[in-house]
Amino acid sequence: MSDEPTSFAFDAEAEAAIAKIIPRYPEGKQASAVIPLLYQVQYQMGRQTGSAWVPRIAMDVVAARLGMAPIRVYEVASFYFMFNLKKMGRYHLQVCGTTPCWLRGSDQVLRACRDAGGLKGYGDSSSDGLFTLSEVECMGACVNAPMLCIDEDYHEDLNYERTVALIEALKRGERPAPGSSIGRQTSAPEGGPIVLVEG
């Protein structure tokens with residue numbers, strides 16, 4: 001999508017968060033803050049560019065801040081799937097393809113993402129820069145399968161039509177509320193709770 005930036009500096013919002021994060025770790029163990037600082041990079045890139053990702057130059061800045069070798073930061077960032085190491089679309093569509101979601105129709109969620117988002121398949125970004133599509137393994141929302149994670153928001157109990165409606169709302173600049181698309185109360189059965197309903 002675009003070349004890596006040549007410089008990176010934490011903005012005021014990230015610096016305020018970092019000032020709270022680093023003191024959580026004992027003296028000499030600040031390297032343990034690498035994951036929260038990588039998150040701050042990704043959040044900042046999202047705020048500044050509309051694409052939440054972690055460029056290599058920013059990993060070098062994290063390494064310098066935490067007094068660790070850059071390769072150690074690269075190892076962490078490349079190990080965990082929640083860090084995007086390439087420029088992403090404005091919305092990161094993450095389809096769960098694990099067995100419970102697949103059995104409940106994740107293939108229809110994937111088809112809706114491709115159709116409504118103008119995406120060829122996993123790893124693709126739409127030509128308008130709005131969407132990037134990824135497959136993820138279990139995200140722990142099996143009871144409300146199938147689900148789609150958009151950035152960090154879980155959208156559950158989806159089918160083809162509800163997924164298309166969700167993507168169309170994003171195209172209009174709306175941010176639908178996360179959670180069950182059928183109004184399910186947390187992980188209660190469809191139709192509502194059937195036990196512990198009286199106090």
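Q: A crossing is left-handed if the near helix is turned anticlockwise from the far one by less than a right angle, and right-handed if clockwise. Does H1 pass H2 in a left-handed or a right-handed crossing?
A: This is a predicted model. In it, the turn of the near helix from the far one is clockwise. The crossing of H1 with H2 is therefore right-handed.

Q: How many helices and how many strands does the protein chain have?
A: Read along the sequence, the pattern is α-α-α-α-β-α-α-β-β-β-α-β. Each α is a helix and each β is a strand. The totals are seven helices and five strands.

Q: What share of the residues of the protein chain counts as buried?
A: The C-alpha atoms fill a box of roughly 55 × 50 × 30 Å, taken along the principal axes. The chain has 199 residues. Buried means under 20% relative accessible area. The share that counts as buried is 42%.

Q: What part of the contacts with a separation of 6 or more joins residues 24 or more positions apart?
A: Take the contacts in the protein chain with a separation of 6 or more. Then pick out those between residues 24 or more positions apart. They account for 63%.

Q: Which term describes the direction of H1 relative to H2?
A: H1 covers residues 12–21 and H2 covers residues 34–49. Their axes come within 10 Å and cross at roughly 165 degrees. Angles over 145 degrees count as roughly antiparallel. H1 is therefore roughly antiparallel to H2.

Q: How do the residues of the contact of H1 with H2 divide into nonpolar, polar and charged?
A: H1 brings Glu-13, Ala-14, Ala-17, Ile-18 and Ile-21 to the contact. H2 brings Pro-36, Leu-37, Gln-40, Gln-44 and Arg-47. Together they divide into six nonpolar, two polar and two charged.

Q: Which term describes the directions of H2 and H4 relative to each other?
A: The axes of H2 and H4 come within 11 Å. They cross at roughly 75 degrees. Angles from 65 to 115 degrees count as roughly perpendicular. H2 and H4 are therefore roughly perpendicular.

Q: How many residues of the contact of H2 with H4 are nonpolar, polar and charged?
A: H2 offers Val-34, Ile-35 and Leu-38. They meet Val-73, Val-76 and Ala-77 in H4. The contact divides into six nonpolar, no polar and no charged.

Q: Which helices each supply at least two residues of the largest nonpolar core?
A: Nonpolar side chains tend to be buried together in soluble globular proteins. Here the largest nonpolar core has 26 residues, and Val-34, Leu-37, Leu-38, Val-41, Val-62, Leu-66 and Val-73 touch the most other members. The helices that each supply at least two residues are H1, H2, H3 (56–66) and H4 (70–79).

Q: Which residues does Val-73 touch, not counting residues up to four places away in sequence?
A: Val-73 is among the core members that touch the most others. In H4, Val-73 takes part in the contact with H2. Beyond four places in sequence, Val-73 touches Val-34, Leu-38, Met-59, Val-62, Ala-63 and Met-68.

Q: Is Ala-63 buried or exposed?
A: Ala-63 lies in helix H3. Beyond four places in sequence, Ala-63 touches Met-68, Ala-69, Pro-70 and Val-73. Its relative accessible area is 2%. The cut-off for buried is under 20%, so Ala-63 is buried.

Q: How far apart in space are Ala-63 and Met-139, C-alpha to C-alpha?
A: In sequence, Ala-63 and Met-139 are 76 residues apart. In space, C-alpha to C-alpha, the distance is 29 Å.

Q: What separation is there between the C-alpha atoms of Glu-75 and Phe-10?
A: Glu-75 is in helix H4. At 39% relative accessibility, Glu-75 counts as partly exposed. Phe-10 is 65 residues from Glu-75 along the chain. Their C-alpha atoms are separated by 21 Å.

Q: Is the peptide bond from Ala-145 to Pro-146 cis or trans?
A: Pro-146 is in the loop between strand E2 (131–136) and strand E3 (148–150). Omega for the bond from Ala-145 is near -5 degrees. The bond is cis.

Q: Does Asp-157 count as buried or exposed?
A: Asp-157 sits in the loop between E4 and helix H7 (160–171). Asp-157 has a positive phi of about 55 degrees although it is not a glycine. Its relative accessibility is 3%, so Asp-157 counts as buried.

Technical notes: Residues are numbered from 1 along each chain as its sequence is written. This is a predicted model: local features need pLDDT of at least 70, side-chain atom pairs count only at pLDDT 80 or more; totals for chains, interfaces and linings use all residues. Side-chain values use heavy atoms; hydrogens and water are left out. Axes are lines fitted to C-alpha atoms, for helices over the stretch in contact, and angles run from 0 to 180 degrees between N-to-C directions. Helices (H or I, at least four residues) and strands (E, at least two) are DSSP runs, numbered from the N terminus. Angles under 35 degrees count as roughly parallel, over 145 as roughly antiparallel, 65 to 115 as roughly perpendicular and the rest as oblique. Contact means heavy atoms within 4.5 Å. Ala, Val, Leu, Ile, Met, Phe, Trp, Tyr, Cys and Pro count as nonpolar, Asp, Glu, Lys and Arg as charged, and the others, Gly among them, as polar. A nonpolar core is a set of buried Ala, Val, Leu, Ile, Met, Phe, Trp, Tyr and Cys residues joined through side-chain atoms within 4.5 Å. Buried means under 20% relative accessible area, exposed over 50%, partly exposed in between (1.4 Å probe, protein chains only).
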